[in-house]
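Trainee: Could you take a close look at one part of this structure with me? I would like to follow a single region in some detail.

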Amino acid sequence: MLLPEEFELMDAEMLAAKYPKTGHQPTEVYTNEDGTINIALNYTQNKAEEKDLAGVKKDNGKAV
């Protein structure tokens, strides 16, 4: 996944403010300078095989 160059890993203080529910915070969040646009990621043990990638790439039924 490519992120805009200006996005940085969100610091712990902002993460706690934006995602206050303990135990439900994303693993990593990348954000713009203002903190108004976030890309949140969660690491899982789930694996996707190559044959499944078409389904993983769908967004609301449309390929992205």
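Which strand pairs with strand 1 (residues 8-9), and in what sense?

Mentor: Happy to. A word on the model before we begin: it is predicted, so local features need pLDDT of at least 70 and side-chain atom pairs count only at pLDDT 80 or more, while totals for chains, interfaces and linings use all residues. Residues are numbered from 1 along each chain as its sequence is written, and side-chain values use heavy atoms, with hydrogens and water left out.

Now to your strand. Strand 1 pairs with strand 2 (residues 28-31) in the antiparallel sense, over two bridges. Helices and strands here are DSSP runs numbered from the N terminus, a helix being H or I with at least four residues and a strand being E with at least two. Two strands count as paired if DSSP finds at least two bridges between them. For orientation, the chain has two helices and five strands, and its elements run β-α-β-β-α-β-β from the N terminus on.

Strand 2 has another partner as well: it pairs with strand 3 (residues 38-41), again in the antiparallel sense, over four bridges. Strands 2 and 3 form a hairpin with six residues between them. In the turn of that hairpin, Gly35 has a positive phi of about 75°.

The residue to watch is Thr31, which lies in strand 2. Glu8 stands opposite Thr31, and Asn38 in strand 3 stands opposite Thr31 too. With Asn38 there is also a link through side chains, a polar contact at 2.7 Å. The term polar contact covers a pair of N or O atoms within 3.5 Å; within protein, one must be able to donate a hydrogen and the other to accept it, and residues adjacent in sequence count only if both atoms are side-chain atoms.

Is Thr31 buried or exposed? Thr31 is buried, because its relative accessible area is 7%; the cut-offs are under 20% for buried, over 50% for exposed and in between for partly exposed, with a 1.4 Å probe and protein chains only. Leaving aside neighbours within four places in sequence, Thr31 is in contact with Glu6, Phe7, Glu8, Met10, Met14, Thr36, Ile37 and Asn38, where contact means heavy atoms within 4.5 Å. To set Thr31 against the whole, 14% of the 64 residues of the chain count as buried.
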